Amino acid sequence: MQHTLRRCLGLARSSLTRLQPRAISAVSRTQETGAISNPTQPARRSYASLPQEQDKKEQEARESPNRLPRLMDFPEIVWPSALNTLKNWITIQFIIRPYFDSEFQLKDFIYGAKQALQVVSSRLMGGDLDSLDKLVSPEAIAELRPVIQKLSMAQRRQLEIKESDIYLSFPYQVGIMFDEANDKLQKRFVEITMVFHVMRGLSEMRERGEEIPWNMGTLPEYQDKVFICNYRFVKEFTAGQHSDWTINVANQFRAIDLINETK
């Protein structure tokens with residue numbers, strides 16, 4: 001898997017989504033955000049609404065055993081951005097290939113990213129974070145560890161992702177970062193945020209020849225099976241430095257939980 005990721009070398013030039021993402025051009029840094037936000041106004045409370053609010057709280061309490069908490073402090077990303085997609089293409093064609101890696105192929109990176117998702121999610125399920133030291137950054141492991149330790153076994157089982165169950169994957173945003181703290185050596189890094197849409201049991205359904213509904217995410221019988229994963233990859237491209245791709249964000253959530261939060 002690491003060999004596959006190494007083939008993917010330098011990615012892009014625009015901006016990577018973070019909680020406070022930074023898009024770094026050749027001359028400056030700017031801030032962007034890919035967070036999904038739905039601000040709502042506080043609802044007026046009335047006696048007539050109290051039974052409904054109580055029912056809602058009871059329903060949330062019943063769902064809590066299966067609900068996944070946020071693994072990392074990172075905004076949930078679901079769909080691609082047309083503007084980012086254009087920026088990513090320009091970055092790859094006119095910056096990455098000419099100046100970073102002439103043999104870079106996005107499809108190779110996506111293939112390696114899927115393999116990394118399968119490996120990392122499996123170890124998160126098992127709570128084996130120590131074995132991720134070469135795949136996941138120390139800062140990300142430190143943030144993930146207390147969350148994973150508090151998960152129930154039912155919640156942990158939801159973390160494991162099979163590559164064959166991924167039905168949609170795309171790079172949301174690609175970015176190049178420069179660290180000029182050292183006047184003698186300018187460090188440069190490339191980050192890519194990948195988004196994966198997953199449905200548990202998809203591979204088995206295909207093997208049985210079952211038709212996959214295009215709107216399965218909205219159907220009640222599939223809602224507990226549809227997951228979205230946001231994984232961000234980073235690699236250093238400083239002259240004379242050699243490194244592998246590592247993951248500095250690993251977020252997984254059920255689509256239905258995100259929908260319920262916005263109601």
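This tour has three stops: a surface patch, a strand and an arginine. The model is predicted: local features need pLDDT of at least 70, side-chain atom pairs count only at pLDDT 80 or more, and totals for chains, interfaces and linings use all residues. Residues are numbered from 1 along each chain as its sequence is written, and side-chain values use heavy atoms, leaving out hydrogens and water.

**The patch**

Select Leu86, Trp89, Ile90 and Phe94. They make a nonpolar surface patch of about 440 Å² (residues with over 30% relative accessible area and no salt bridge, nonpolar side chains joined within 5 Å; areas by Shrake-Rupley with a 1.4 Å probe). Leu86 sits in helix α3, residues 82-100 (helices are DSSP runs of H or I, at least four residues; strands are runs of E, at least two). Leu86 is partly exposed, at 49% relative accessible area (buried is under 20%, exposed over 50%, partly exposed in between).

**Strand β5**

Next, select residues 226-236. All 11 of the 11 residues of β5 are buried, so the strand is largely enclosed by the rest of the structure. In a regular strand the side chains alternate between the two faces of the sheet. Val226 and Val234 are among those pointing one way from β5; Phe227 and Phe233 are among those pointing the other way.

Add β4, residues 187-199: it pairs antiparallel with β5 over 11 bridges (pairing takes at least two DSSP bridges). Glu191 stands opposite Val234 in β5. Then add β6, residues 246-254, antiparallel to β5 over eight bridges. Here Phe233 stands opposite Ile247.

**Arg156**

Finally, select Arg156 in helix α6, residues 153-157. Arg156 is buried yet has no salt bridge; Asp128, the nearest side chain of opposite charge, is 9.6 Å away (a salt bridge is a side-chain nitrogen of Lys or Arg within 4 Å of a carboxyl oxygen of Asp or Glu). Show the backbone oxygen of Ile148: it lies 3.2 Å from a polar atom of the Arg156 side chain.

Technical notes: Patch = residues over 30% accessible without salt bridge, like charges linked within 9 Å, V, L, I, M, F, W, Y side chains within 5 Å. Buried < 20%, exposed > 50% of the residue type's maximum accessible area, 1.4 Å probe, protein only. Lys, Arg positive; Asp, Glu negative; His and termini not counted. Polar contact = N/O pair within 3.5 Å; in protein donor to acceptor, adjacent residues only side chain to side chain.
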